[in-house]
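This report looks at how two chains meet, beginning with the packing of helices across the interface and ending with the interface as a whole.

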Number of protein chains: 2
Amino acid sequence: MNQLPYREFPNEITQTVSILRPFVDRVVDRSALQTLAQRYSELDVDAVEACLAFLRTTADVQAALDTHFARYGLSMGKFTLLMQLSQVDGLTPSDCAERSGVTRATITGLLDGLEREGLVERRPCPDDRRMLRVHLTNVGRNLLDRMLPDHFCRTTGLMANLSSNEKTTLIKLLKKLQAGTPAMMQP
Amino acid sequence: MNQLPYREFPNEITQTVSILRPFVDRVVDRSALQTLAQRYSELDVDAVEACLAFLRTTADVQAALDTHFARYGLSMGKFTLLMQLSQVDGLTPSDCAERSGVTRATITGLLDGLEREGLVERRPCPDDRRMLRVHLTNVGRNLLDRMLPDHFCRTTGLMANLSSNEKTTLIKLLKKLQAGTPAMMQP
DNA sequence: CTATATTAATTAGGAAGCTAACTATTAGGC
DNA sequence: GCCTAATAGTTAGCTTCCTAATTAATATAG
């Protein structure tokens with residue numbers, strides 16, 4: 001058994017929060033799927049293949065973004081927070097949670113990290129003492145200024161293999177995929 | 001500010017490992033993006049929009065899968081492991097790691113959980129005492145048998161809004177997106 | 001105007017990832 | 001044949017997410 005590339009980027013803080021690579025291309029190839037389909041009449045080979053292709057892309061893009069952000073000592077969550085604050089200064093932690101789609105508990109943790117690193121500041125809110133206002137520090141603002149050109153270049157690069165029409169089509173198809181998620185969640 | 005649906009599924013073990021919802025549709029609408037684009041010439045609005053659409057779909061599909069698997073007391077990682085073992089009995093933890101695309105340390109943790117729940121068994125390997133062989137128990141096999149019909153139905157449901165041609169197109173476009181990940185990672 | 005509701009933030013505890021370091025065991029070189 | 005390399009699995013410690021419970025402050029109802 002050959003050596004695995006467990007550390008693709010030695011001596012870098014990659015912190016790749018990779019989602020489990022779906023087992024397509026690894027365990028379940030198309031023929032294995034067809035064998036399974038014989039046992040389970042519910043299995044639609046094309047649907048499963050498309051799903052696995054999506055999950056695999058998801059994992060790869062996540063990993064790529066994680067290594068990108070790690071270069072600047074950030075995670076995607078922290079970056080999102082910094083971007084929010086650069087757009088609207090003085091958001092409350094609850095605002096941040098709502099806009100990010102994560103819980104307030106998670107925001108507490110991310111802000112702890114950002115504050116420890118000096119990128120962000122929590123200030124008391126005089127009119128309602130339950131609340132806080134979160135502000136970018138100059139260090140935080142400078143970090144964004146420094147990284148955004150690279151960030152946007154890389155985003156363009158990520159999409160560079162798709163033509164303008166293809167990007168539009170991709171968005172359309174992703175919306176259709178999104179519309180299927182209730183079927184996965186429903187009781 | 002209105003009450004947030006922090007618990008969309010009360011009294012259920014949802015354990016939704018949702019990726020941070022990208023801030024599109026929340027903070028940065030198209031006009032905000034265009035404003036940013038004036039400051040950063042590197043920003044390609046279409047590329048960023050496509051990227052955010054993808055990330056948002058990613059988050060929603062992940063959340064849907066997590067709630068689906070949680071119904072059976074599983075995570076996606078644990079399910080993947082069970083499926084691997086149902087295809088090839090007696091894999092070593094290293095095999096599992098390689099096939100899943102996660103580290104061996106992660107596999108140790110997942111196997112601990114699966115073994116605690118009685119779904120899986122670690123047995124010593126006589127010819128090489130460094131290794132272990134992992135086997136499904138009957139409980140594990142039964143769980144899979146019980147859940148797979150539902151699982152495949154829901155997978156079909158997830159993809160139900162895409163025609164056969166659209167699924168093919170989606171896979172093609174996802175491959176092109178995947179081909180862009182090196183641009184995000186490169187030094 | 002006090003008792004109860006709600007809201008904001010945090011804390012505690014857990015899961016699933018990661019890296020790095022450690023322990024056994026096996027394999028290979030001289 | 002021993003000494004060193006490599007390999008397999010685990011452990012320790014970190015991050016980011018979650019839910020549930022706690023604390024403090026405000027709002028509301030009677």
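## A roughly parallel helix pair

In this predicted model, helix H7 (residues 164-178) of chain A and helix H2 (residues 45-70) of chain B pack at an angle of about 20°, their axes lying 10 Å apart. Because angles under 35 degrees count as roughly parallel, H7(A) and H2(B) are therefore roughly parallel to each other, and the crossing in which H7(A) passes H2(B) is left-handed.

On the H7(A) side the contact is made by A:Ser164, A:Lys167, A:Ile171, A:Leu174, A:Leu177 and A:Gln178, while the residues that H2(B) brings include B:Ala50, B:Ala53, B:Phe54, B:Arg56 and B:Asp60. Sorted by class, the contact of H7(A) with H2(B) has 8 nonpolar, 3 polar and 5 charged residues.

## A roughly perpendicular helix pair

H2(B) also packs with helix H6 (residues 138-158) of chain A, here at an angle of about 75° and with the axes 9 Å apart, which makes H6(A) roughly perpendicular to H2(B). In this contact A:Phe152, A:Thr155, A:Thr156 and A:Leu158 of H6(A) meet B:Ala47, B:Val48 and B:Cys51 of H2(B), a set that divides into 5 nonpolar, 2 polar and no charged residues.

## The interface as a whole

Chain B contributes 89 residues to the contact and chain A contributes 88 residues. The area buried between the two chains is about 8,800 Å², with carbon and sulfur atoms giving 71% of it.

Across the interface of chain B and chain A there are 4 salt bridges by the rule applied. A:Glu166 forms a salt bridge with B:Lys176, in which the closest N and O atoms are 2.7 Å apart.

Technical notes:
Residues numbered from 1 in each chain as written. Chains lettered and ligands numbered in written order. Predicted model: local features only at pLDDT ≥ 70, side-chain atom pairs only at ≥ 80, totals over all residues. Heavy atoms only, no water. Axes fitted to C-alpha atoms, helices over the stretch in contact; angles between N-to-C directions. Helix = DSSP H or I, 4+ residues; strand = E, 2+ residues; numbered from the N terminus. Parallel < 35°, antiparallel > 145°, perpendicular 65-115°, else oblique. Left-handed = near helix turned anticlockwise from the far one by under 90°. Contact = heavy atoms within 4.5 Å. Nonpolar A, V, L, I, M, F, W, Y, C, P; charged D, E, K, R; others polar. Buried area = accessible area lost by both parts, 1.4 Å probe. Salt bridge = Lys/Arg side-chain N within 4 Å of Asp/Glu carboxyl O.
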